[in-house]
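Hi,

Here is the structure I promised to pass on. Have a look at it first, and my notes follow underneath.

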Amino acid sequence: MKKVIKVKLPDFEDTKSEADMTPEEIRSKLKERGMQPPRPWIERPFYISSTGGVFEPYVPPEGDGKISPITVHGAKQKVEFLEKKSKSMLAVRKIRSYEEDFEVSDFVQQAQDIYINAHTLMASKDETKIQEFVTERAYPEIRHNTIDKTIHWKFVKSLEPPRLVHARCTDIITKENIFGQVTVRFHTQQILAIYDRFGRLMHGSEILAKDVLEYVVFEKHLSNEYGLWRLHEKIVPNWMPPKEPVTKTFRLVKKETPEESSETKEVQRTSSETEVGQPQAAPV
C-alpha cells in the first residue's frame, strides 16, 4: 500500500470560468491549490528613509569664524541669530515629542562623532558601514570620485565647540510621517591628503593641518522608532572662497625642434656613408 501514491490530477475538462463561479467557489478553488486570492489594486509598498534635500536651509552669516563678536558686524550677526532662534526652538520641541532624551548639548557631541565616523569610513572606503552614518541622499555624493584614489583623513581638534544653529521639522505625504533636520556648525582642524592611483599627491598634505569651517545638516526619520541621526548634507555659503584646484601630474615629453631633427638626420646620413666607405676584411 505504501508503494503507491495517489496523485490528484487536475480536471482538464473543467471549462467553467471564474466569471461563472461564485465567490465561495473561487475561494475554495484557490484554497485547494494553495494560492492567495488576487488583490484588486496594483499598488506597491515603498519606504522613504530620507528626504531629497534640505528644507529651509540655514544661511550662514558672511565672515563667520573671522569677525569678532565685539565688532559691529559681529553684534549684527548675534542679533540675527537670536531672531531666527524662535523657529529652531519650536522644531527642537517637536523633536523632543518624538525623542524624549534629546538635549542640544549632548546632541552636538553625538553629531561630531557621526561626522568623524562618516569621514573615516569614507577614507577607508567601507561601503556597508558608512550607510549607518550617512543618508541615502548623501551616500552617492560622499562616494563620488573616490574610485582609484587613496584618501588620508584625520580629525585633529576642535577650534570651537560644535554649535546647533538651525533646526526644522516637516511632514512628507502624511501628517504623521515626520522628518527632523538639524544644522550643526563645526570649526575644526583637519588633515587631508588625496593620492591618485599611481601614488602621486593630488590635493592636501599629510603634514599640514588646516582650519575648516563647515555647516553640516543631520537628519532623522522621527516617526520611525528605529530611526538614526545621520549626515545628510553640507551647506556651502556663497561667500566661501573657492577651493584649491587639484594638482594634476603629467609626463613631460620633449618636443624636437625642426633644426634638431635636421641635424640628427644629417649625422645619421654621414655615419652611414662612413660605414659604407670603410674596406671590409677579407675572409681567412
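**The largest pocket and the sheet**

The largest pocket has 44 residues in its lining, and those nearest its centre are Leu-192, His-203, Glu-214, Lys-234 and Lys-243. Bear in mind that this is a predicted model.

The space in that pocket comes to about 1900 Å³. Elements giving two or more residues to its lining are α3, α4 (138–143), β1, β2, β3 and β4. The largest share is from β3, with 11 residues. If you're thinking about chemistry, the lining splits by class into 23 nonpolar, 10 polar and 11 charged residues.

Now for the sheet. It's an open one of four strands, ordered β1-β2-β3-β4, and the pairing is antiparallel. β1 (150–171) and β4 (230–235) are at the edges and have a single partner strand each, so one side of each has no neighbour in the sheet. From one strand to the next, the twist averages 30°.

As for β2 (residues 178–195) and β3 (residues 201–221), these two run antiparallel and are joined by 16 bridges. To find your place in the viewer, try Phe-179, which stands opposite His-221 in β3.

One helix belongs in this picture too: α3 (residues 104–124) packs on the sheet and touches β1, β2, β3 and β4. The direction of α3 makes about 135° with that of β1. Helix α3 also turns up among the elements that give two or more residues to the pocket lining.

Cheers

How values were computed: Residues numbered from 1 in each chain as written. Predicted model: local features only at pLDDT ≥ 70, side-chain atom pairs only at ≥ 80, totals over all residues. Heavy atoms only, no water. Pairing = 2+ DSSP bridges. Axes fitted to C-alpha atoms, helices over the stretch in contact; angles between N-to-C directions. Contact = heavy atoms within 4.5 Å. 1 Å grid on protein atoms, 1.4 Å probe; cavity = no way out; pocket = protein on both sides within 12 Å on 5 of 7 lines; lining within 4 Å. Points joined across faces, edges and corners; volume = space filled by probe spheres on them. Nonpolar A, V, L, I, M, F, W, Y, C, P; charged D, E, K, R; others polar.
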